[in-house]
Amino acid sequence: MTAATPDASQPAVPYGTPEAPRIAVRGEARLEVDPEIARIGITVAARGRDRRSALDDLTRRNAGVLDLVKSYGDAVERLETGAFSITPELTKHGRGERVRTYHGSVRVTAELTDFTALGELTTRLADLDLTRVDGPWWALRPDSPAHREARKKAVHEAVQRAREYADALGTTLSALVELADIGAESTPPAYPQAPGRMRSAAYAGTPEETPAPLDLEPQRQRVHAQINARFTMVPPQL
């Protein structure tokens, strides 16, 4: 079915006429599919009595984390280093402001496509000193076939609904006039917004914190597509 091409002598109008009545319908599709990507957030920390020692320690630990993640090869689709900071901690007592120690941290984000490797990698990362693992956040790729399938189903539903209305009026559809995507596919919130099932592993080596277990069970993704469609119909004989 193709969109109608209006005659140049009869410009198209945004509404139906007795000679070419229109029908407007909505098509919608909801799918639930397996995730394609797992994102994890890794925070590496360091402490030092002076800025240089804290920075050197942080650099060394961050390099170790990056090397570990990269060792998983094709299982890691994307690896990014994010926010970096070195912050002084002042003494609580005494005159004047004195730096007690320096705290450094750097944030790394990794995306994995091999969920079998995910459990082993997160365990090894969480076992490192002053390293925190958050996630995973499950997602689909922007070009996932699931999005295309949802859009196709939404269009098919709109066409079927329009045909049913036309049949109820004792007529048939003539041409497609307009197709509008009004409800783009729903995707999981972008990192660092985490779903409710997210768990974190606390910094290794800090006994005051009790690590919470990571939930590594892949979370099914909901895909939603919604369209509006307008058709012209053969004038019904009412």
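The paragraphs below walk through the helices, the nonpolar cores and a few individual residues of this structure.

This is a predicted model, in which local features need pLDDT of at least 70 and side-chain atom pairs count only at pLDDT 80 or more, while totals for chains, interfaces and linings use all residues. Residues are numbered from 1 along each chain as its sequence is written, and side-chain values use heavy atoms, with hydrogens and water left out.

A good place to begin is helix 1, which covers residues 51-70; helices (H or I, at least four residues) and strands (E, at least two) are DSSP runs, numbered from the N terminus. The 20 residues of helix 1 should span 28 Å at 1.5 Å a residue, and its end C-alpha atoms are indeed 28 Å apart, which agrees; the expected span is 1.5 Å times one less than the number of residues. At the N-terminal end, Asp50 caps helix 1 with a side-chain oxygen that lies 3.1 Å from the backbone nitrogen of Arg52.

Which residues of helix 1 are buried? They are Ala54, Asp57, Leu58, Arg61, Asn62, Val65, Leu66, Leu68 and Val69, where buried means under 20% relative accessible area, exposed over 50%, and partly exposed in between (1.4 Å probe, protein chains only). Seen down the axis of helix 1, these buried residues fall within an arc of 165°, so they line one face of the helix; the arc is that of the directions from the helix axis to the C-beta atoms. The face turned away from this buried side carries the exposed residues Arg52, Arg60, Asp67 and Lys70. On the buried side, the residues of helix 1 pack against strand 2, strand 3, strand 4, helix 2 and strand 5, with contact taken as heavy atoms within 4.5 Å.

In soluble globular proteins, nonpolar side chains tend to be buried together. A nonpolar core is a set of buried Ala, Val, Leu, Ile, Met, Phe, Trp, Tyr and Cys residues joined through side-chain atoms within 4.5 Å. In the largest such core, which has 27 residues, Ile40, Ile42, Val69, Tyr72, Leu112, Leu121 and Leu125 touch the most other members. Strand 2, helix 1, strand 3, strand 4, helix 2 and strand 5 each supply at least two residues of this core, and helix 1 gives the most, with six residues. Ile42 touches residues that include Val65, Val69 and Leu125, not counting residues up to four places away in sequence.

Helix 2 also has a buried side, made up of Ala117, Leu118, Leu121, Thr122, Leu125 and Ala126. Seen down the axis of helix 2, these residues fall within an arc of 150°, so they line one face of the helix. There is one aromatic pair, counted when ring centres of Phe, Tyr and Trp (its six-membered ring) lie within 6.5 Å, with planes under 30 degrees apart called stacked, over 60 edge-to-face and the rest tilted. The rings of Phe115 and Trp138 have their centres 5.0 Å apart and their planes at 80°, so the pair is edge-to-face. Because Phe115 lies in helix 2 and Trp138 in strand 5, the pair ties together parts that are 23 residues apart in sequence.

A second, separate core of 21 residues includes Ala29, Val159, Ala225 and Ala229. Val25, found in strand 1, is buried at 6% relative accessibility, and its contacts include Ala158, Ile227 and Ala229.

Conventions:
A polar contact is a pair of N or O atoms within 3.5 Å; within protein, one must be able to donate a hydrogen and the other to accept it, and residues adjacent in sequence count only if both atoms are side-chain atoms.
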